[in-house]
Structures are given as structure tokens and as C-alpha cells.
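Hello,

Here is the structure I promised to pass on to you. Have a look at it first, and then read on for what turned up when I went through it.

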Amino acid sequence: MCMFLMASSYFQGFKMAPYAVEPENATKSCKARGSNLRVHFKNTREAAQAIKNMHIRRATRYLSDVIDKKQIIPFRRYSGGVGRKAQCKAFKHSQGRWPKKSAEFLLQLLKNAESNAELKGLDVDTLAVEHIQVNRAPHMRRRTYRAHGRIGPYMSSPCHIEMILTERDQVVSRAESDETPKKKVSKKKLAREKMKNRE
């Protein structure tokens, strides 16, 4: 009981950090975040970049495919020692992986954001990932036993994730005009036609 009171008094003045960006139109946006998540920062950062600006349904389908190894996450920044995979050709890249745990955490966060959107009365089918950011959290410490009786660090790399989903306007396709586009003619061909007309 005493420990709980000490902890609650410690966290009383502790405020949650603000989001890195605020949405342009708060009434058409919803937020979701997770702090100190026990999932690798580097893998999660690459997975988050892959779903940036995606429609919510497409992002959910994509992350589910990553878990089933049907689609891949391209590793663009943290790519040291990452193997080359054929599936990466779809992203015009060569290195990639299938970070299952990161995909599961992002799926949970997308589901949470969708619930928040429903609560706000937003149209869930028009939502897209406008902003997503992954930050490093403080390392969690364990120990490993080395040769000659020494002890070495065995740290985990947790992360904070935040995302903002915004309603996107429906894209209207441009009406086809009656005029057919003019075919480009080279200068050489024009000069030839001029010569023929002179004769």
C-alpha cells in the first residue's frame, strides 16, 4: 500500500508528452498511441514507414499479409545485415523482412484508432494514416553471463508509437473529353511532309 502511494505521488506531476504534430482539421481526425511497447524500435520504424499515407483497410490487409509472409516490409534505413528478398522488387528495393511482432502491434494500434474514430462519429471507410511516428523508449536492462565470471548487458529496445488518421475526400475520376489527344509528330516528319507538298 505504501509503495503504491509513493508511486502515485511520483507520477502525479508526470504529464504525457504531446503528439509530434497536430492534425490540420481535428474534427476529421483521430489519434492513437502506445508508450514503452516491448517491440524492437528499428523493425517497428520500418513497418510504420511502409504504411504511411495508406488507407486504413489497405494498411490492415498489408500488415496481415506481412504476418503471413505474403508481402514484405522494405528495410530502407536500418538495413545493415538485412538479407535481399525477391518480394522487395514491388517496392523498388532489395532488402526486407517480415517483422511479425511489429506488424501485430501496429495492427492493434490501427484497431484502436478505428474505435476512436467510431466514437468521434467519423466515416471509418475514408480514413488514411496521415501521420505515424516511432520513437525510441528507454532501454530495458537484463544481464547475460560472459566468460571468466563477467557479466554483460542484455538490453531490449522498446519504442513509443503514435499515429493520426484523417478522413480523406473521395477521389473523383476526371471525365473523359470527346477530343482525342493529338499525336505528336517529329520535326523530321514535318519537314518530309513539307517537301512532299512542294513537289
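To begin with a small puzzle: in which loop does lysine 92 lie? The answer is the loop between strand 2 (73–74) and strand 3 (96–97). Please keep in mind that this is a predicted model. Lysine 92 caught my eye through its backbone, since its phi is near 55 degrees, a positive value in a residue other than glycine. Most residues other than glycine have a negative phi. With a relative accessibility of 79%, lysine 92 counts as exposed.

Asparagine 53 also has a positive phi, of about 70 degrees, although it is not a glycine. Asparagine 53 follows helix 2 and sits in the loop between helix 2 (41–51) and helix 3 (56–67). Its relative accessibility is 47%, so asparagine 53 counts as partly exposed, as the cut-off for exposed is over 50%.

Now for the overall picture. The protein chain has five helices and seven strands, and from the N terminus on they run α-β-α-α-β-β-α-β-β-β-β-α. Of the 199 residues in the protein chain, 32% are buried. The protein chain exposes about 15,000 Å², and carbon and sulfur atoms supply 51% of that area. Among the contacts with a separation of 6 or more, 68% join residues 24 or more positions apart.

Next, the sheet. Three strands form an open antiparallel sheet in the order 1-7-4. Strand 1 (29–37) and strand 4 (127–136) stand at the edges with a single partner strand each, so one side of each has no neighbour in the sheet. On average, neighbouring strands of this sheet are turned by 10 degrees against each other, with direction ignored. Strand 1 pairs with strand 7 (residues 159–167) in the antiparallel sense over seven bridges. If you want a place to look along this pairing, alanine 32 stands opposite methionine 163 in strand 7. Helix 2 packs on the sheet, where it touches strand 4 and strand 7, and its direction makes about 160 degrees with that of strand 4.

Helix 2 deserves a closer look. Is this helix mostly covered or mostly uncovered? It is mostly covered, with nine of its 11 residues buried. The buried residues of helix 2 include polar ones as well as nonpolar ones on the list: Phe41, Asn43, Thr44, Arg45, Glu46, Ala47, Ala48, Ala50 and Ile51. Helix 3, strand 2, helix 4, strand 4 and strand 7 are among the elements that cover them.

Phe41 brings me to the aromatic residues. The structure holds two aromatic pairs. In one of them, the rings of phenylalanine 41 and tyrosine 78 have their centres 5.8 Å apart and their planes at 65 degrees, so this pair is edge-to-face. Phenylalanine 41 lies in helix 2 and tyrosine 78 in the loop between strand 2 and strand 3, so the pair ties together parts that are 37 residues apart in sequence. Phenylalanine 41 counts as buried, at 6% relative accessibility, whereas tyrosine 78 is partly exposed, with a relative accessible area of 22%.

What about the nonpolar core? In soluble globular proteins, nonpolar side chains tend to be buried together. Here the largest nonpolar core has 35 residues, and those with the most contacts inside it are Ile51, Leu110, Leu127, Met163 and Leu165. Strand 1, helix 2, helix 3, helix 4 (100–120), strand 4 and strand 7 each supply at least two residues of this core. The largest share, seven residues, comes from helix 4. Leucine 127 is a good one to click on: neighbours within four places in sequence aside, leucine 127 is in contact with Cys30, His55, Ile56, Ala117, Leu122, Leu165, Thr166 and Glu167.

One last stop is serine 156, in the loop between strand 6 (151–153) and strand 7. Serine 156 counts as buried because its relative accessibility is 11%, under the 20% cut-off. Apart from neighbours within four places in sequence, serine 156 is in contact with Arg38, His139 and Met140.

Happy browsing, and all the best!

Methods
Residues numbered from 1 in each chain as written. Predicted model: local features only at pLDDT ≥ 70, side-chain atom pairs only at ≥ 80, totals over all residues. Heavy atoms only, no water. Helix = DSSP H or I, 4+ residues; strand = E, 2+ residues; numbered from the N terminus. Buried < 20%, exposed > 50% of the residue type's maximum accessible area, 1.4 Å probe, protein only. Pairing = 2+ DSSP bridges. Axes fitted to C-alpha atoms, helices over the stretch in contact; angles between N-to-C directions. Contact = heavy atoms within 4.5 Å. Core = buried A, V, L, I, M, F, W, Y, C linked by side-chain atoms within 4.5 Å. Areas by Shrake-Rupley, 256 points an atom, 1.4 Å probe, with all protein chains shown as cover. Phe/Tyr/Trp six-rings, centres within 6.5 Å; stacked < 30°, edge-to-face > 60°.
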